[in-house]
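Student: I've got a model open and I'd like to talk through a few of its strands and helices. Can we go one piece at a time?

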Amino acid sequence: MKHTRIFQEILDTMEPDIFALVVGQETNNPLQDAFSTKRVLHADVRGAMPDRAKWPALWQAALEQRGETKKRSAYIHIPFCLKKCLYCGFFQNYCQDDAETAYIDRLVAELKMNAASPGFADPVNAVFIGGGTPSSLSAANAGRMLQAVKDYLPLANDCELTLEGRIYDLIPEKMETWLEQGVNRISLGVQSFDTKVRRAVGRLDDRETVLRRLEALSAYNQAAVIVDLIYGLPFQTPEVWQEDIATLKTAAVDGWDLYQLNVYENSALKKEIDAGRLPAVATIREQAELFAAAHNTISGWPVSQISVCHWAKTNRERNMYNIMAQQGHTMLPFGAGAGGKVGGFSLMQDRDMSRYMQRIDNQEKPIMMMMAAHESVSLHDAVKNQLKLGYLDIGQLAEDFDPRLSELEELLAIWEKRGLLQRGSGISRLTVAGQFWYGNITQSVLECVNTLLHGERSWTMHKVAAQG
């Protein structure tokens with residue numbers, strides 16, 4: 001059993017702190033104590049950065065490539081918000097009518113810029129308009145943007161067209177513009193239904209308004225309505241969280257995401273907490289209990305869990321964009337701060353709105369960062385996709401990519417003993433504790449794959465959030 005000895009040697013020669021970081025720690029309470037902290041926001045092992053001078057040529061080369069029947073998506077970034085929520089790490093610009101109009105002018109120009117290229121010829125299966133707060137756009141500017149999406153992107157017949165937004169913007173003029181222009185999925189950052197919790201972190205509407213506006217949107221019967229909830233917010237006691245979860249059962253929604261609050265070191269939320277103006281938020285271990293409580297409640301409902309953090313309440317919810325992103329399909333980026341994946345490279349566009357607009361005026365794709373894909377990117381994408389869906393099939397991965405991957409059963413055996421997964425006939429499924437620690441598990445598997453196949457011991461050391 002040569003292969004087994006190789007991976008066992010990797011485990012045996014890890015320094016104790018690295019072993020605890022990657023494999024975790026032995027415990028009778030894996031939900032709370034499997035790892036000391038959450039260490040990544042998005043699991044990944046990156047490739048190298050090509051010479052900056054080559055970025056325009058690499059982009060142009062990608063434009064000449066056809067999709068070879070593979071699915072593709074597009075991400076469009078709207079960098080405006082009416083106000084900055086305390087917990088948010090994505091804020092860029094406050095809403096201003098003139099700035100918004102000027103930005104949409106350039107966004108339309110960017111969509112048009114390469115529309116005739118071979119790389120834009122194949123169907124786009126999902127479009128996600130995120131931010132920022134895309135719903136903050138005026139009805140007129142939203143209509144112009146959405147018309148350009150239809151004019152310049154070859155949308156598949158069943159394209160999932162998602163617009164991200166907030167409850168405050170669910171007014172008839174805006175909703176009707178979105179729906180008339182083809183939006184068929186609306187993702188709303190509710191975060192909590194509780195009025196006190198919402199107001200504490202900068203949300204504008206009370207519980208009754210949230211529920212009433214969700215009803216109004218759903219009444220059009222034109223789009224899947226999805227909401228995000230965050231667990232661990234200020235004033236969000238276990239009882240308040242359970243009421244948030246219970247509300248999902250009767251609210252006019254087609255699905256939901258449950259996200260863990262991350263308090264970033266330099267965030268406005270941390271400053272408010274440190275100054276005593278807001279109470280301390282849930283620790284990582286308390287968040288684990290909140291996640292498990294929600295999972296326990298929802299598991300008794302007639303709904304489908306379609307990822308470790310996402311549930312579909314009706315068959316209207318497909319979650320195509322998010323699943324495709326996890327699978328590593330091509331993602332065309334548009335807008336200031338948009339990220340994408342094209343032609344074997346991941347890229348990020350200029351976040352500064354003034355620079356973005358100037359570069360568009362110069363007929364230039366506003367790339368701020370470009371990274372080559374790791375040589376094992378297809379394997380990494382397969383691992384990330386499986387674990388996001390709550391399982392790992394080592395046998396299939398070994399068959400599809402490299403027989404040495406079967407050695408990872410050694411790691412899974414440890415995690416099974418620690419209560420993070422259950423191994424069955426070829427497939428290992430994450431327990432509730434494993435789903436809570438999904439990010440750590442995914443990062444560890446990717447790093448172990450990288451060490452096993454390429455001899456690269458590159459362990460990600462930093463933690464995600466200030467609370468653990």
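Student: Over how many bridges do β16 and strand β17 pair, and in which sense?

Tutor: Keep in mind that this is a predicted model. Strand β17 covers residues 428–430, and one residue match to look for is Gln-422 with its bridge partner Arg-429 in β17. The sense of the β16 and β17 pairing is antiparallel, and the count of bridges is three.

Student: Which strands stand at the edges of that open sheet, and why is one side of each left without a neighbour?

Tutor: The sheet is open and has three strands, paired antiparallel in the order β15-β17-β16. Each edge strand has a single partner strand, so one of its sides has no neighbour in the sheet. The edge strands are β15 (391–392) and β16 (421–423).

Student: Which helix lies across β15, β16 and β17, and at about what angle does it run to β16?

Tutor: Look at residues 409–417, which form helix α17. This helix lies across the three strands, and its angle to β16 is about 120°.

Student: Moving on to Arg-185, is this residue buried or exposed?

Tutor: Arg-185 sits in strand β6, which spans residues 185–191. Leaving aside residues up to four places away in sequence, it touches a list of others, including Phe-128, Glu-160, Leu-163, Ile-226, His-310 and Asn-322. The cut-off for buried is under 20% relative accessible area. Arg-185 has 3%, so it counts as buried.

Student: Which side chain does the side chain of Arg-185 join in a polar contact?

Tutor: The partner is also among the residues that Arg-185 touches, along with Leu-161. The polar contact spans 3.3 Å, and the side chain at its other end belongs to Thr-162.

Student: Which residue in β11 does Arg-72 stand opposite?

Tutor: Start with the strands: β1 (residues 72–78) pairs with β11 in the parallel sense over five bridges. β11 runs over residues 330–334 and is mostly covered, with four of its five residues buried. Opposite Arg-72 in β11 is Thr-330.

Student: How do α13 and α15 lie to each other, and why?

Tutor: Helix α13 (residues 320–327) packs on helix α15 (residues 377–388) with axes 7 Å apart and an angle of about 140°. On the α13 side Ile-323, Gln-326 and Gln-327 meet Asp-381, Lys-384, Asn-385 and Lys-388 of α15, a set of one nonpolar, three polar and three charged residues. Roughly antiparallel would need an angle over 145 degrees. With the angle at about 140°, α13 is therefore, relative to α15, oblique.

Note on methods. Residues numbered from 1 in each chain as written. Predicted model: local features only at pLDDT ≥ 70, side-chain atom pairs only at ≥ 80, totals over all residues. Heavy atoms only, no water. Pairing = 2+ DSSP bridges. Helix = DSSP H or I, 4+ residues; strand = E, 2+ residues; numbered from the N terminus. Contact = heavy atoms within 4.5 Å. Axes fitted to C-alpha atoms, helices over the stretch in contact; angles between N-to-C directions. Buried < 20%, exposed > 50% of the residue type's maximum accessible area, 1.4 Å probe, protein only. Polar contact = N/O pair within 3.5 Å; in protein donor to acceptor, adjacent residues only side chain to side chain. Parallel < 35°, antiparallel > 145°, perpendicular 65-115°, else oblique. Nonpolar A, V, L, I, M, F, W, Y, C, P; charged D, E, K, R; others polar.
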